[in-house]
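User: I would like to go through this structure with you. Could we start with the charged side chains and then move on to other topics?

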Amino acid sequence: MDTVRDVLDPTCPSQVALGILGNKWTMLIIFALSSGVHRFSELRDRIAIITPKVLTQTLRALERDGLVDRTVHPVVPPKVEYVLTDLGRSLLESITAVRAWAEAHADEVLEARDRAELAQD
C-alpha cells in the first residue's frame, strides 16, 4: 500500500525533505558536488561566499540526511573528500530546473525588488 503524502500537512515527513532544500547553501553545495569528488577547500573555493563554519555545518547536515558521503583518508595531514550519494544525485534533475529558472529570471526578481523598495519610500 502506497503512503499518501501531503507536503502542506505539518506532520508530513516530506516537510523534512523540503526543509533540506530550503537551506540557503544546500543547492549550491549539491551543484558543486555534481561534478564528482571534492575536498573541503575545493568546495570552499567554488562557493566563494560561504564561510568555512557554514560549509562544515551544511556538509554535516547533508551527510546526516544521506545526500553526501564523507571519506577521511588516513594520511597526515588528513585528507577529507565529499561526494554525492545516489540520493543526492537524485536531486540534480529537479534542482537543475530551479537553477535554470533562477538564472533566467534573476533580473526580473531584482527589478521587482527595486520597484517595491521605491514604492515604500
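Analyst: Certainly. This is a predicted model. In it, E103 and R99 form a salt bridge, with their closest N and O atoms 3.0 Å apart.

User: Where do E103 and R99 lie?

Analyst: Both residues are in helix α6, and they are four residues apart, which is about one turn of the helix. An α-helix has 3.6 residues a turn, so residues three or four places apart point the same way.

User: Are E103 and R99 buried or exposed?

Analyst: E103 is exposed, because its relative accessible area is 57% and the cut-off for exposed is over 50%. R99 has 40% relative accessibility, so R99 counts as partly exposed.

User: How many salt bridges does the structure hold?

Analyst: There are five salt bridges in the structure. One of them links the side chains of R64 and D65, at 3.0 Å from N to O. R64 counts as exposed because its relative accessibility is 64%, whereas D65, at 25%, counts as partly exposed.

User: What does E81 pair with?

Analyst: E81 forms a salt bridge with K79, and the closest N and O atoms are 3.6 Å apart. K79 has 30% relative accessibility, so K79 counts as partly exposed. E81 also has a role in the strand pairing, as the bridge partner of T71 from its place in β3.

User: Let us change to the sheet, then. What is the order of its strands?

Analyst: The sheet is open and has three strands in the order β1-β3-β2, with antiparallel pairing. Strands of a sheet pair through backbone hydrogen bonds, either parallel or antiparallel.

User: Which strands stand at the edges?

Analyst: β1 (38-39) and β2 (68-73) are the edge strands; each has a single partner strand, so one side of each is left without a neighbour in the sheet.

User: How many bridges join each pair?

Analyst: Two bridges join β1 to β3, and six bridges join β2 to β3. In the pairing with β3, H38 stands opposite Y82.

User: What joins β2 to β3 along the chain?

Analyst: A hairpin makes that connection through five residues. The loop between β2 and β3 contains P77, and the peptide bond from V76 to P77 is cis, with omega near -5°. As background, most residues other than glycine have a negative phi, and most peptide bonds are trans.

User: New topic: the interior. Which residues touch the most other members of the largest nonpolar core?

Analyst: They are I29, L33, L43, V68 and Y82, in a core of 21 residues. The elements that give two or more residues to this core are α2 (26-33), α4 (52-64), β3 (79-84) and α6 (92-120). In general, nonpolar side chains tend to be buried together in soluble globular proteins.

User: Which element gives the largest share?

Analyst: That is α2, with five residues. Helix α2 is mostly covered, since six of its eight residues are buried. The buried residues of α2 are T26, I29, I30, F31, A32 and L33.

User: What is L43 in contact with?

Analyst: Leaving aside neighbours within four places in sequence, L43 is in contact with A32, L33, H38, L55, L59 and Y82. Two of these names have come up in the sheet, where H38 stands opposite Y82 in β3.

User: And the outside? Which residues form the nonpolar patch on the surface?

Analyst: The patch is formed by V7, L8 and L18, which together have about 300 Å² of accessible area. L18 lies in helix α1 (residues 14-22), while L8 is in the segment before α1.

User: Are L8 and L18 exposed or partly exposed?

Analyst: L8 counts as exposed because its relative accessibility is 73%. L18 has 47% relative accessibility, so L18 counts as partly exposed.

User: One last point: what separates L8 from L91?

Analyst: Their C-alpha atoms are separated by 20 Å, and the two residues are 83 residues apart along the chain.

Technical notes:
Residues are numbered from 1 along each chain as its sequence is written. This is a predicted model: local features need pLDDT of at least 70, side-chain atom pairs count only at pLDDT 80 or more; totals for chains, interfaces and linings use all residues. Side-chain values use heavy atoms; hydrogens and water are left out. A nonpolar core is a set of buried Ala, Val, Leu, Ile, Met, Phe, Trp, Tyr and Cys residues joined through side-chain atoms within 4.5 Å. Buried means under 20% relative accessible area, exposed over 50%, partly exposed in between (1.4 Å probe, protein chains only). Contact means heavy atoms within 4.5 Å. Two strands pair if DSSP finds at least two bridges between them. Patches are made of residues with over 30% relative accessible area and no salt bridge: like charges are joined within 9 Å, nonpolar side chains (Val, Leu, Ile, Met, Phe, Trp, Tyr) within 5 Å. Accessible areas come from the Shrake-Rupley method with a 1.4 Å probe; for residues, only the protein chains shown count as cover. A salt bridge is a side-chain nitrogen of Lys or Arg within 4 Å of a carboxyl oxygen of Asp or Glu.
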